[in-house]
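The following exercises concern the structure displayed below. Each sets a task and then works through its solution step by step.

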Amino acid sequence: MKLLALQRRMARAVMAPLTRSERMRRFTPNGRPMSQVAGQIIKPNDRLTSFERLEIYNRQYWFRVLDGFSEDFPGLRAILGDRRFDALAKSYLTECPSRSFTMRNLGSRLESWLRKHPEHAPGRHQLALDMVRLEWAEIEAFDGAAETPLKPEAFVGADPAKLRLRLQPYIHVLDLRYPVDDLLLAIKHDTGTDVASNAFNERQKRKKISAAARLKPADVCLAVHRIDFFVYFRRLEREEFAILRALQKGRTLDRAMELGFRSSAIPVDERASHVAAWFQNWAALGWFVSEKGSSK
Amino acid sequence: MPANRFNGFTAYGVGIGLRAPHYDHILSRKPVCDWFEIISENYMIDGGRPLHILDQILEQYRVVQHGVSMYFGSAEKPNREHLRSLKTLVRRTKTPWVSDHLCWGSVDGRYTHDLLPMPYTFEAARLTAQKIREVRDYLEVPVVVENVSSYAEFHVSEMTEWEFLNEVVERADCGILLDVNNIYVSSQNHNFDPFTYVNSVPAERVAQMHIAGHSRYRKYILDTHDHPVIDPVWKLYDRAIQRIGHTATLLEWDDHIPSFDEVHKEALKSNKFLASASLAAAV
């Protein structure tokens with residue numbers, strides 16, 4: 001058998017979902033006995049059959065990717081509960097296996113996949129989607145590129161009709177239907193406990209799940225950013241969000257302002273002071289980089 | 001073979017794997033450690049804290065890159081994005097050599113994130129060697145390949161694992177990262193004499209050694225890197241050092257990671273064997 005053919009055959013078996021009891025399935029999706037598939041490529045030894053040897057890799061694959069996925073989405077787990085989360089993780093990773101050399105990108109397609117699979121979050125689909133967006137933004141903000149921040153004087157006096165300000169590549173601005181930032185912070189605070197009691201941990205877990213279930217919708221605009229290499233969530237006013245989103249899309253400052261205040265309730269005569277305060281904050285946080293930012 | 005063309009003519013001593021739970025200890029206490037091995041993929045990112053930490057480590061310590069997903073043995077071409085990102089990191093760390101595993105783990109662009117065993121065939125040796133050459137030429141640093149632990153053997157194999165290793169490194173003209181724990185684990189899983197393996201390795205190509213702990217199950221051993229090194233592995237290491245000479249040695253500890261001092265102390269046990277090899281060479 002040629003190398004490519006053997007690797008395809010083995011990868012199919014290794015990446016095939018496990019049974020409920022976390023063993024290798026007895027049959028392939030087209031009904032072929034897995035013992036036959038294993039027997040054709042793998043030698044048995046005096047202790048293990050071909051099936052059992054292949055099963056070691058099959059189980060390791062799933063334990064590894066499920067562990068990595070769980071670490072990346074603790075908020076989604078809290079919303080769905082362990083049983084539903086595990087089912088979602090297995091379905092997602094079966095349909096969207098890793099296409100990256102790094103496990104960091106395991107969840108990169110989760111948002112788009114979950115949009116098409118509301119059945120995995122019955123009654124909480126929007127909440128689950130919001131949490132996935134937030135948790136993925138957090139991953140991106142953690143190790144995204146940073147460029148040299150623009151000094152405020154670089155854009156003071158510039159023509160707003162021509163000025164295009166870019167945001168730091170690590171910043172993600174999100175408009176959410178649920179305040180999942182508070183929930184995620186609470187979950188992370190809980191998991192930071194060093195109490196070793198299983199009963200305590202179980203109670204904490206149940207508390208988290210019920211807190212998630214009680215979470216009421218509330219529109220939230222959020223910037224996921226970082227300061228001194230730590231990721232933070234910053235609540236934004238709706239206009240602030242719209243301006244930043246427009247700037248991220250490459251609009252001129254003029255156009256971004258126009259879009260930001262399009263349906264704003266902020267009285268026209270108060271807008272200038274809002275804008276001044278926002279810009280002061282954004283610049284202080286080093287959010288702006290020049291159009292041709294130098295990588296750092 | 002303390003320094004050779006496969007490890008950039010360096011003469012490193014005993015190092016440990018750089019792991020996140022030890023960051024604070026290393027940066028605040030600045031313990032003496034000859035060198036650190038990093039998992040390349042953990043730092044093949046665009047920015048953020050991991051790179052910030054790495055830069056601080058690089059200011060004070062020697063760092064060598066060890067990869068887990070180049071998959072020299074995968075039948076597909078090297079991933080260009082992976083190569084670009086790896087080269088960026090190589091320039092940052094100035095690693096004297098880059099290591100990765102003699103295994104496969106991806107096919108048709110899908111990644112298992114595992115170190116899957118090779119079929120020991122001449123076709124696989126040829127393709128693997130070609131890929132190692134391509135990667136080395138692109139990265140412009142010596143590339144060394146590590147033998148992996150395995151739990152399965154293929155019917156199509158045409159040679160032993162050590163013959164395959166020799167075939168690949170000769171064809172690729174590359175170095176070897178000899179992992180004696182992996183040899184021990186595979187010898188137990190496949191019923192061969194680990195000393196035959198160690199005695200068959202071309203000593204002049206060994207650039208680095210790995211030692212580690214593992215977990216024994218009823219019917220097989222799993223390479224878990226979560227225990228101290230056991231005596232039979234030290235004996236194998238001793239034999240390898242006698243043959244190869246004083247070689248850069250690294251202890252891997254990746255799960256249930258104890259304190260920095262405990263990991264370092266375990267690694268430094270190898271000094272006993274390295275010293276006797278140096279003495280023997282001097283005599």
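**Exercise 1. The contact between the chains**

How many residues does the contact take from chain A and how many from chain B?

Solution. The model is a predicted one, in which local features need pLDDT of at least 70 and side-chain atom pairs count only at pLDDT 80 or more, while totals for chains, interfaces and linings use all residues. Residues are numbered from 1 along each chain as its sequence is written, and chains are lettered from A and ligands numbered from 1 in the order in which they are written.

Step 1. Chain A contributes 39 residues and chain B contributes 38 residues; two residues are in contact if their C-beta atoms, placed from the backbone, lie within 7 Å.

Step 2. On the side of chain A that touches chain B, at least two residues each come from α1 (3–14), α3 (50–72) and α7 (125–143) of chain A. Helices (H or I, at least four residues) and strands (E, at least two) are DSSP runs, numbered from the N terminus.

Step 3. That side of chain A comprises 24 nonpolar, 7 polar and 8 charged residues. Here Ala, Val, Leu, Ile, Met, Phe, Trp, Tyr, Cys and Pro count as nonpolar, Asp, Glu, Lys and Arg as charged, and the others, Gly among them, as polar.

**Exercise 2. Helix α6 of chain B**

Determine which residues of α6(B) are buried and how α6(B) packs on α8(B).

Solution. Step 1. Of the 11 residues of α6(B), 9 are buried, that is, 20 or more other C-beta atoms lie within 10 Å of their own (12 or fewer would be exposed, in between partly exposed; C-beta atoms are placed from the backbone). V180(B), I183(B), Y184(B) and N189(B) are among them.

Step 2. The cover over these buried residues includes α5 (161–172), β8 (175–179), α7 (194–200), β9 (206–212), β11 (221–222) and α8 of chain B.

Step 3. Helix α6 (residues 180–190) and helix α8 (residues 231–244) of chain B pack at an angle of about 120°, their axes being 9 Å apart. Axes are lines fitted to C-alpha atoms, for helices over the stretch in contact, and angles run from 0 to 180 degrees between N-to-C directions. The two helices are therefore oblique, given that angles under 35 degrees count as roughly parallel, over 145 as roughly antiparallel, 65 to 115 as roughly perpendicular and the rest as oblique.

Step 4. V180(B), N181(B), I183(B) and Y184(B) of α6(B) meet P232(B), V233(B), L236(B), Y237(B) and A240(B) of α8(B). By class, this contact has 8 nonpolar residues, 1 polar residue and no charged ones.

Step 5. Leaving aside residues up to four places away in sequence, V180(B) touches M209(B), I211(B), V233(B), L236(B), Y237(B) and A240(B).

**Exercise 3. Helices α4 and α5 of chain B**

At what angle do α4(B) and α5(B) pack?

Solution. Step 1. Helix α4 (residues 122–139) of chain B packs on α5(B) at about 45°, with the axes 8 Å apart; α4(B) and α5(B) are therefore oblique to each other.

Step 2. From α4(B), the contact involves A125(B), R126(B), T128(B), A129(B), I132(B) and R133(B), and from α5(B), F164(B), E167(B), V168(B), R171(B) and A172(B). These residues divide into 6 nonpolar, 1 polar and 4 charged.

**Exercise 4. The environment of V289(A)**

Is V289(A) buried or exposed?

Solution. Step 1. V289(A) belongs to strand β5 (residues 288–289) of chain A. V289(A) is buried, because 23 other C-beta atoms lie within 10 Å.

Step 2. P149(A) is 140 residues from V289(A) along the chain, yet their C-alpha atoms are separated by 4.8 Å.
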